[in-house]
Amino acid sequence: MENQTAAQSVVQQETAENIYDLLIVGGGMAGLTAAIYAGRAGLRTLALESQIPGGSITTSELVENWPSQLSITGIALGELLQKQTEKCGARIEWGIVQKLNKLEDTFVLTLDSGAVLQSRTVIYAAGVNPRRLGIPGEQEFRGRGVSYCATCDGPFYKQKNVVVIGGGSSAVQEALYLSSLARTVTLVHRRENFRAEKILLDRARSRANLIFKTPFAVSGILGEGGALTGVSLQNVLTGETETLPGDGVFIYAGVEPNTGLLRGLVKLTEDGYVAAGEDTRTSVPGLFAAGDVRVKELRQLVTAAADGAVAATQAGKYLQELKF
Ligand code: NAP
């Protein structure tokens, strides 16, 4: 309540020129596509990114399903997105949004720096976070053998033995990348069937140093003297347990929406995704959700980009509606 009053007084002091047409929370594919469209439409736009422009794509070693690019590194795609956004007249700034409120027709965003920004519309495109397994040793060895990003940490495991956990496209794609660095990569998955794309699976099965281990659940991360030594496994069918030695463990057990900031403000689904349809409109007028945070069937770069374009267009329409 106290914060609301403080924010309200800031709103009252501000002049209309200091109010953005559009603030975008998240500078990944969805957020920056929205920024490109909004910039081209002449909207006064600022995109806030808490890590690197490009978002989670920058942690992917290679992208091979972005139309028109046969193959591009995630980092290079992120840099192109940033350049294109700025060329189109939108700004990108580093910032972590800590609070998001709506006061009458104005959104008020408080950053961790203490800065308070205001806007007539907001596109929420904060993406997803890696899901934790919640098993013993995971937290203890996080950053010291347990990783959620092969692109970031893979180079530490040259000629070593690593374990990758998961059966989706991320696990298989990153296991493939790691197999070009590590001596062996063991891909542990709890089922015989994989969610991953067939093209990735076929490629992985043909790598001599990439070993498939199914159906095994990982029950713990093991270590000795502060160093990770492997994982404990349980065969899901027989119940038998065993230890798999390894120097590093990469976990790709899916994702969880980054929507904590929206709780109590916006309608979310039971599993925390923003309840917004294809028009990206949320339960709060003027607030749009784009990309992986939105409830949807297919979470891919192209669908994130499509959401960004739709959200920016909807934000433009909403601004027009506000004027009349
Ligand atoms: P995902 O497709 O949801 O796969 C998560 C995997 O983790 C599943 O195999 C799941 O097993 C496993 N898992 C979940 N909880 C687990 C637990 N507690 N213990 C062990 N295993 C667990 O997630 P993702 O691979 O991160 O992909 C996320 C999205 O990005 C997907 O929509 C994917 O298509 C997309 N993506 C696309 C590409 C590409 O196009 N090349 C690359 C990366 C990601 P079960 O199968 O048994 O549930």
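This passage describes the ligand site, a pocket and some backbone features of a predicted model.

Local features are reported only at pLDDT of at least 70 and side-chain atom pairs only at pLDDT 80 or more, while totals for chains, interfaces and linings use all residues. Residues are numbered from 1 along each chain as its sequence is written, and side-chain values use heavy atoms, with hydrogens and water left out.

The ligand is a good place to start. It is surrounded by 19 residues, the closest being N65, G167, R190, R191 and R195; a residue counts as near if one of its heavy atoms lies within 4 Å. By class, this shell holds four nonpolar, nine polar and six charged residues (Ala, Val, Leu, Ile, Met, Phe, Trp, Tyr, Cys and Pro count as nonpolar, Asp, Glu, Lys and Arg as charged, and the others, Gly among them, as polar). Domain 1 (2-129 + 255-321) and domain 2 (146-251) each give at least three residues to the shell, with bounds from an automatic or database domain assignment. Helix α5 (residues 169-179) supplies the largest share, three residues; helices (H or I, at least four residues) and strands (E, at least two) are DSSP runs, numbered from the N terminus.

Oxygen atoms of the ligand also pair with polar atoms of the protein, at distances that fit the cut-off for a polar contact (a pair of N or O atoms within 3.5 Å). A backbone N or O atom of G167 is 2.9 Å from a ligand oxygen, and a polar backbone atom of S169 is 3.4 Å from one. For Q300, an N or O atom of the side chain lies 3.1 Å from an oxygen of the ligand. The protein buries 76% of the 910 Å² that the ligand exposes when taken alone (accessible areas by the Shrake-Rupley method with a 1.4 Å probe).

Turning to the backbone, the peptide bond from T214 to P215 is cis, with omega near -15°. P215 sits in the loop between β13 (210-213) and β14 (216-224). Two residues other than glycine have a positive phi: Q159, near 60°, and T280, near 65°. Q159 belongs to the loop between α4 (150-153) and β11 (161-165), whereas T280 is found in the loop between β18 (255-257) and β19 (287-289). For context, most residues other than glycine have a negative phi, and most peptide bonds are trans.

Methods. Polar contact = N/O pair within 3.5 Å; in protein donor to acceptor, adjacent residues only side chain to side chain.
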